Amino acid sequence: MLKQLFNFYMVIRSCWIILLFQLIGFFALVVFEQGTDILRTLSLSEEGLIRQHSWASFIAVAWWSWQSWRSSRVQIHFSTYDFAQFHKKYALRAQVLVPRVFGVIPSFILAYGIFKATGWSNPLVYLFLCLGIWLYIFFHLRKDLVVYLHSIKAFHRLIIPEYILIKNEAYPAAFIWAKQGRWILFRLFCILLVFALILFQPVDFPQSIGSTAIVLFALGAWLVIGSFIAFAEKHYRYPFGFTIVLMLVAFSFFNNNHEIRSLESASESRMDIESHFLQWYEQQAQIYDTVPVVMLAAQGGGVRSSYWTAQVLAKLNESNPALDSAIYAYSTVSGGTLGVATYKRLVAEDINYKADKIHQILSKDFLSPVTSWLVVPDLFQKFLPFPVRSFDRAKALEYSWEEACRLEEVSLLEGGFLEHFMSDRSLYLYHSTHAENGFTN
């Protein structure tokens, strides 16, 4: 019994990179509240994008499962450890079973995550449980399936990887490449294709598949890259993984690419707050005998705060149009800033049915573009010793806002702050927080 457990332990140890990514996926989707929030949006009973995102997540978790199983086998194929030194039968059994278990864990992680977020009432829980079961059956019968497909002439031109037996000795890299070179290139092509779509379609493509699918695909894609690093460690006997971790820590001190984009034309000087208030007060005094001074504060809270803030302002405008002109200052942060900016741009353009337009704009998916850039370009630049400003994930968020506010081919939020708000009589105090020290700007 101890010999069998030790053999399983050594096989799992050789596949540590796969286990690491599955732990990352578990914490990202199950433990953290943000992961629970995105899983809560998945449903097959809804129409439109929600159902589309659900099926995209199904495909993405199948991809992650496939990469987990395949990468486990590759790590075992290249392992120089003598798994059979204690018991040959147990060693082979462990080398066969461990990759299959790793291959179905992603489906069970997602099933548990959806159960935690929505309960047993969501059919996706059962769908992903069934996916895990059927994947295990496929992994078990794969040898017979591969042999059958290779026996059919019509499938000769397809990229069907040859079945490679698990053995106790390591395979040379040239042998693996000769047998599965085209399949490895196909996997890399899929990764590069999705990464390119994220870079060149920063809004449309992520919104079409959803945040959950993006995270799941990224886990599988970066797992493949991590597997190459793990292979290089074994092949060249150099700690590439540990070196990369040290590089990430060292580079983090001087490759921060997060900065507020500014326009070259935004150098116009503005009056101080005291002068601004006196000017506003004099203008108001020409209209009112007693000048009402209203200060509005809007808190943060993501798109929920944006939607709530903008809708409340729209309803107040409907019931009392004069209130808007009586508001001297807007003090906002985070989501409240987006809500006020959206509402005020609708007012400036004299657009009717503001509540309907606000729903049309702020009900869009703003999370998927940010998530896609977080796990692709922004993550990639962490490995570079210098900042790449164009890889900042904040750009994807800005693009998604601009695209959501595009009405009749014109976006209400394109351009700079002064371009939209300099002519407005109200004062806008848009606050932001410096993440490193918590100071407010």
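Q: Helices here are DSSP runs (H or I, at least four residues), numbered from the N terminus; which helices each supply at least two residues of the lining of the largest cavity?
A: This is a predicted model, with local features needing pLDDT of at least 70, side-chain atom pairs counting only at pLDDT 80 or more, and totals for chains, interfaces and linings using all residues. Residues are numbered from 1 along each chain as its sequence is written, and side-chain values use heavy atoms, without hydrogens or water. V194, F195, I198, I209, A213, I214, F217, A218 and V376 line the cavity (a set of 1 Å grid points where a 1.4 Å probe fits but cannot get out; lining atoms lie within 4 Å of a point). At least two of these residues come from each of helix 7 (173–200) and helix 9 (211–236).

Q: What volume does the largest cavity have?
A: Helix 9 gives the largest share of its lining, 4 residues. The lining residues divide into 9 nonpolar, no polar and no charged. The volume, the space filled by probe spheres set on the points, is about 40 Å³.

Q: Which helix gives the largest share of the lining of the second largest cavity?
A: This cavity, of about 30 Å³, is lined by L313, L316, N317, L323, D324, I327 and Y343. By class, that lining has 5 nonpolar, 1 polar and 1 charged residues. Helix 12 (302–319) and helix 13 (322–326) each supply at least two of them, and the largest share, 3 residues, comes from helix 12.

Q: Is F32 buried, partly exposed or exposed?
A: F32 sits in the loop between helix 2 and helix 3 (33–40). Its relative accessibility is 44%. Because buried means under 20%, exposed over 50% and the range in between partly exposed (1.4 Å probe, protein chains only), F32 counts as partly exposed.

Notes
On a 1 Å grid over the protein atoms alone, a cavity is a set of points where a 1.4 Å probe fits but cannot get out, and a pocket is an open set with protein on both sides within 12 Å along at least five of seven lines; lining residues have an atom within 4 Å of a point. Ala, Val, Leu, Ile, Met, Phe, Trp, Tyr, Cys and Pro count as nonpolar, Asp, Glu, Lys and Arg as charged, and the others, Gly among them, as polar.
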